[in-house]
Amino acid sequence: MSEQTMAKAYIPAEVEKAWYAEWEKRGYFRADVGSDRKPFTIVIPPPNVTGMLTLGHVLNNTLQDILIRWEKMRGREACWVPGTDHAGIATQAKVEKLLKDTENLSRYDLGREAFLERVWQWKEQYGGKIIQQLRTIGTACDWERQRFTLDPKLTEAVQEVFVRLYEKGLIYKGHRIINWCPKSRTALSDEEVIYKEERGKLWHFRYPYADGSGHVVVATTRPETMLGDTAVAVHPEDPRYRDRIGQTVILPIVNRAIPIVADTFVDPAFGTGAVKVTPAHDPNDYECGLRHKLPMLNVMNDDGTMNAAAGADFDGMDRYACRKAVVARMEALGLVAAIEEHVHQVGYSERGDVAVEPRLSEQWFVRMQALAAPAIAAVRDGRIRFHPHRWTKVYMHWMENIRDWCISRQLWWGHRIPAYTCTGCGETVVARAEPGACPKCQARSWRQDDDVLDTWFSSWLWPFSVFGWPEKTPELSRFYPTDTLVTGPDIIFFWVARMIMAGLEFMGDVPFRDVYFTSIIRDDSGRKMSKSLNNSPDPIDVVDTYGADALRFTIIYIAPVGQDIRYSNEKCELGRNFANKIWNAVRFRLRQGPLSPDWDSLRGLQAADLRPDDRWILARLNSTVRAVTRGLEGFRFNDVTRVLYEFMWNEFCDWYLESAKAVFSSEDEALRARTLRVFDHVMGVFLRLLHPVMPFVTEELYHQMGYVEAAESIMQAAWPKAFDARVARRLGATESTVALVTARCELIRSVRNVRAQYLIPDGRRIAVVIVPVNDETAAFLREDTLSLQSLLYASGIEIRSAYQADGPCGVAVSDLGTAYIPLAGVIDLEAERARLRKQEAEATGFLTACQKKLANEGFVSRAPREVVERERERLGEIEERLGRIREQLAALS
């Protein structure tokens, strides 16, 4: 390649689309089940089939892609399985809304089979768009292994697990209080409920004693549920009610006699010490109802309206309208004792975004304690590691207090529960397929359970179901267990914990070794990004503006481990500028001629052959290789990007490249060839280090530089290895070299600062005299006066053991020695003195005013402390500036 073939600036749109298609065409993403390489496996957290790409997906999948590309370069057989989740509630709701908006139909109008046909049609037309979008950011997924949680083989796995757990006694059907979503009309697990703080009211109602001797006061935040009360409970040792236990009260409005029961779940110190008991609509009341054999009166329909059991006056009324009506009726009866403002946590359906109703319902459950015990042990003994480690405590707390999992959903879209009821005798059979003759009555007519399974019931099998389980496939034995899971901490209970339980139960091994929890992305104001706040940019728009590499690099760069991300689109300029910086460095290099033939090896090079800057950049490169590799091994992705940025921008481009320019312009061909070889070696190693983070620009530049033939790819290049101490000594790439060159950089900066003080432009070449601190330093500086002169913008350099200035000169002091810049004939001395005297007068005036203010006791004693401290800091800054001005004046005398 040559510089003429490259655009002046990196144009992502021209590069990214072409390279992704090429990678896919060449089969670089495909994992070979028959290879002898050690496998490295990741399964993608399957996004909802309804989903669109978000910044959260960009972060999550970029991290996975970094690991896959890195391990591929390290020689592993990298397998990254993509796929999507059928997302029961979300997908069904989307299609139901579409039917309502376009045809004014409900799913009930169509019927189950016709409705499911519509959902599949929608899925084929619109579903999975996010998978296509993931290609835009460069994900190296094995697309030939793409899975969907309703694929036939995954459905078989779900049925097999259900049957096995049922036969083991770990799945059961029972009446329990569950979370009910009135909008989706389905049960929810505890983990699908999110809590919001709301300002509501606490109503205190009087329930009259049946014998007319007074009343007991109970409090509620849900007055409509009183219609389902079947008792009042008090603590057995509460002296206020000891004589009332066993008596009855009359439930107002419905005029039903209900008993007063004694139960220790009542807190006698809260309120009046008496609580209403609604067993069908509150989990604590349900347990109390079981203990006292109370009636379980369900007063609500599945859509959140009241039913006939609530009474004729309220039948069919919305729950919130009923609340108002009940309060109004109680006020009319004179039975409202008090109404208080009350702030409390209200459970909401995560998908439906409506308040859930605790509701007594017959559902299917999984007994979780037996499954949780091995999963707790796997994390405790280190077989599974969480990053950051603090999530281990969160996991343990939930697992040690785990409750049974409600797995049935009153939906149509999903895995239908493999339970069959005989229409002849009512016998229920759980089976992998519809049974033949009924074992009880021999009838052959069955009705399958109408409910489907919780979406997470298929997702918890994902690490092994995607490889063909329950069959013992070659893929399953090769790629399970997987290695690393990258996911958000918000699904640690929904998914991570359950996958660990499932893997241990059905595969006898953990599903992964490491779990990396990503950061939460917030806007620059600290608000969590969401569509409702209109602060969540479309990543595809960001890619169109800045490029995928820029977005990838930036979102990792600003994401410290375990901390939230503050994101704005403008921050992607960092990644775009970085890509352009590297691009321009390669363009500059291609102007110097073809690639060095032995660029990939440092064999034959000796310290004596290399300039100090060559030795320094090789030492810094070696440290960078070590730091990046350690960072990836420790999941410190943010550190990796910062190390790469610092090396390329501040060390390679700002210093080494500038130093090399003088050599490239020289007539010393041998020196030029050695410097080109070092340049090419460093750039080749760096591009490989950067490739997992910025795959597109690194592939393009790897080809532009000529590191690979047209049919090859940086994806197939080996991950760089740091050279050992013996090689470092041979090359002179040692810590002592780094220290000397770093000190020389400080000397150069000091000289440049002096030039800036005297307003000497970079283009004006002037003489510089350097007096080193010792002979060793003098020898070091003389090794490469060519580059040193160029970096100092000097017309010439003298290195002396002593120097006596015979006229005005600027002085730059550093650890390596003192540099003198004779100023006679360089600047207009009189004009410069006049300029500095004017600055001296201004600074003296500021100093006097500041000193006067701080000498004023009234100011010091009355002004806020931070104001006084700021003024003292200002005094120090003025004194320092005045000192520098006077030093310059003295140098011009």
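Buried here means under 20% relative accessible area. Keep that cut-off at hand for this tour of a predicted model.

**Stop 1: two cysteines**

Select Cys745. Its relative accessible area is 5%, so Cys745 counts as buried. Now look for a sulfur partner. Cys745 is in no disulfide. The nearest cysteine sulfur belongs to Cys653, 14 Å away.

Move to Cys422. Buried or exposed? Cys422 is buried, at a relative accessible area of 2%. Its nearest cysteine sulfur is that of Cys441, at 3.5 Å. A disulfide needs two cysteine sulfur atoms within 2.5 Å, so Cys422 is in none. Searching the whole structure turns up zero disulfides.

**Stop 2: the largest nonpolar core**

Select Phe386, Phe457, Met501 and Phe652. These four touch the most other members of the largest nonpolar core, which holds 219 residues. Next, show helix α20, residues 637-664. Helix α20 gives the most to this core: 13 residues. In soluble globular proteins, nonpolar side chains tend to be buried together.

Centre on Phe457. Which residues does Phe457 contact, once neighbours within four places in sequence are set aside? They are Val158, Val161, Phe162, Ile171, Val366, Trp405 and Ile407.

Then jump to Tyr241, Cys322, Met330 and Val336. They are among the 28 residues of a second, separate core.

**Stop 3: strands β1 and β2**

Select residues 77-81, strand β2. Five of the five residues are buried, so the rest of the structure largely encloses β2. Check each face in turn. Glu77, Cys79 and Val81 lie on one side, Ala78 and Trp80 on the other, and all are buried.

Add strand β1, residues 39-43. β1 and β2 pair in the parallel sense, over five bridges. To see one bridge, pick Pro39: its partner in β2 is Glu77. Now add helix α2, residues 55-73. The chain runs from β1 through α2 to β2. This β-α-β crossover is right-handed.

**Stop 4: helix α8**

Select residues 283-292, helix α8. Which of its residues are buried? Asp285, Tyr286, Cys288 and Gly289. Turn the view to look down the axis of α8. The buried residues fall within an arc of 165 degrees, so they line one face of the helix. An α-helix has 3.6 residues a turn, so residues three or four places apart point the same way.

Finally, show what that face packs against. The buried residues of α8 meet β5 (171-181), β11 (256-262), β12 (274-277) and β14 (357-366).

Technical notes. Residues are numbered from 1 along each chain as its sequence is written. This is a predicted model: local features need pLDDT of at least 70, side-chain atom pairs count only at pLDDT 80 or more; totals for chains, interfaces and linings use all residues. Side-chain values use heavy atoms; hydrogens and water are left out. A nonpolar core is a set of buried Ala, Val, Leu, Ile, Met, Phe, Trp, Tyr and Cys residues joined through side-chain atoms within 4.5 Å. Buried means under 20% relative accessible area, exposed over 50%, partly exposed in between (1.4 Å probe, protein chains only). Helices (H or I, at least four residues) and strands (E, at least two) are DSSP runs, numbered from the N terminus. Contact means heavy atoms within 4.5 Å. Two strands pair if DSSP finds at least two bridges between them. A crossover is right-handed if, with the strands pointing away from the viewer, the path from the first strand over the helix to the second runs clockwise. The arc is that of the directions from the helix axis to the C-beta atoms.
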